[in-house]
Amino acid sequence: MPITHDDLKAILGDMDDAKIIQILALKPTLSDLEEAAIWATGNGDVLGKAGRPLTGRAADILEILTADAEEEPPPVR
């Protein structure tokens with residue numbers, strides 16, 4: 001069953017229409033969205049350390065979600 005706009009917003013929250021269109025174009029599964037959401041909140045680091053890297057459509061979704069995220073500045077010394 002295809003993911004709907006409402007499914008996407010329920011899992012990933014509010015976002016701009018351009019990102020929604022890009023993600024829906026990937027034809028993700030519910031599992032893809034949930035996995036990308038885990039990684040987007042920073043909890044994917046735990047999965048990555050357990051040898052479970054993010055791949056496939058979930059990785060593509062995460063890339064879209066974080067495309068305009070600012071990099072953290074270096075620590076002040």
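1. A word on terms before we start: a residue is called buried when its relative accessible area is under 20%, exposed when it is over 50%, and partly exposed in between. Thr29 has a relative accessibility of 34%, so it counts as partly exposed. We will come back to Thr29 below, since several details of the loop around that residue are worth a look.

2. Please keep in mind that this is a predicted model. The mean pLDDT of the chain is 82, and 75% of the residues reach at least 70. Confidence peaks in helix 2 (residues 17-25), with a mean of 94. At the other end of the scale is helix 4 (residues 44-49), where the mean is 57, the lowest in the chain.

3. The overall layout is quick to learn. There are 5 helices and 0 strands, so the pattern along the sequence reads α-α-α-α-α. Of the 77 residues, 27% count as buried. The chain exposes about 5600 Å², and carbon and sulfur atoms supply 54% of that area. Among contacts with a separation of 6 or more, 51% join residues that are 24 or more positions apart.

4. Now for the interior. The largest nonpolar core has 12 residues: Ile3, Leu8, Leu12, Met15, Ile20, Ile23, Leu33, Ala36, Ala37, Ile61, Ile64 and Leu65. Two or more of these residues come from each of helix 1 (5-12), helix 2, helix 3 and helix 5 (56-66). A good place to start exploring is Ile23. Beyond its neighbours within four places in sequence, Ile23 is in contact with Leu8, Leu12, Met15, Pro28, Leu33, Ile61, Ile64 and Leu65.

5. Which residues of helix 5 are buried? They are Ala58, Ile61, Leu62, Ile64 and Leu65. These residues lie on the same side of helix 5, because they cover an arc of only 160 degrees around the axis. The general geometry helps here: an α-helix has 3.6 residues a turn, so residues three or four places apart point the same way. The partners of the buried residues of helix 5 are helix 1, helix 2 and helix 3, against which they pack.

6. Helix 3 spans residues 30-40, and its buried residues are Asp32, Leu33, Glu35, Ala36, Ala37 and Trp39. Just after helix 3 comes Gly42, with a positive phi of about 95 degrees.

7. Is Asp32 buried or exposed? Its relative accessible area is 12%, which means that Asp32 is buried. A polar atom of the Asp32 side chain lies 2.9 Å from the backbone nitrogen of Thr29. Setting aside neighbours within four places in sequence, Asp32 is in contact with Arg57, Ala58 and Ile61. Of these, Ala58 and Ile61 are among the buried residues of helix 5.

8. Back to Thr29, as promised. Thr29 sits in the loop between helix 2 and helix 3. Apart from neighbours within four places in sequence, Thr29 is in contact with Ile3 and Arg57. Arg57 is thus a contact of Thr29 and also of Asp32. Thr29 and Pro2 are 27 residues apart in sequence, and their C-alpha atoms are 7.1 Å apart in space.

9. Lys27 is found in that loop too, between helix 2 and helix 3. Its phi is near 55 degrees, a positive value in a residue other than glycine. As background, most residues other than glycine have a negative phi. Lys27 counts as exposed, because its relative accessibility is 65%.

10. A second lysine makes a useful contrast. Lys19 is found in helix 2, and its relative accessible area is 13%, so Lys19 is buried. Leaving out neighbours within four places in sequence, the contacts of Lys19 are Ile64, Leu65 and Asp68. Ile64 and Leu65 also appear in the list of core residues.

11. One last stop is Gly13, in the loop between helix 1 and helix 2. With 24% relative accessibility, Gly13 counts as partly exposed. Gly13 and Ala37 are separated by 24 residues in sequence and by 9.3 Å in space, C-alpha to C-alpha. Ala37 is one of the buried residues of helix 3 and belongs to the nonpolar core described above.

Definitions and conventions:
Residues are numbered from 1 along each chain as its sequence is written. This is a predicted model: local features need pLDDT of at least 70, side-chain atom pairs count only at pLDDT 80 or more; totals for chains, interfaces and linings use all residues. Side-chain values use heavy atoms; hydrogens and water are left out. pLDDT is the predictor's confidence in each residue, from 0 to 100. Helices (H or I, at least four residues) and strands (E, at least two) are DSSP runs, numbered from the N terminus. Buried means under 20% relative accessible area, exposed over 50%, partly exposed in between (1.4 Å probe, protein chains only). A polar contact is a pair of N or O atoms within 3.5 Å; within protein, one must be able to donate a hydrogen and the other to accept it, and residues adjacent in sequence count only if both atoms are side-chain atoms. Contact means heavy atoms within 4.5 Å. Accessible areas come from the Shrake-Rupley method with a 1.4 Å probe; for residues, only the protein chains shown count as cover. A nonpolar core is a set of buried Ala, Val, Leu, Ile, Met, Phe, Trp, Tyr and Cys residues joined through side-chain atoms within 4.5 Å. The arc is that of the directions from the helix axis to the C-beta atoms.
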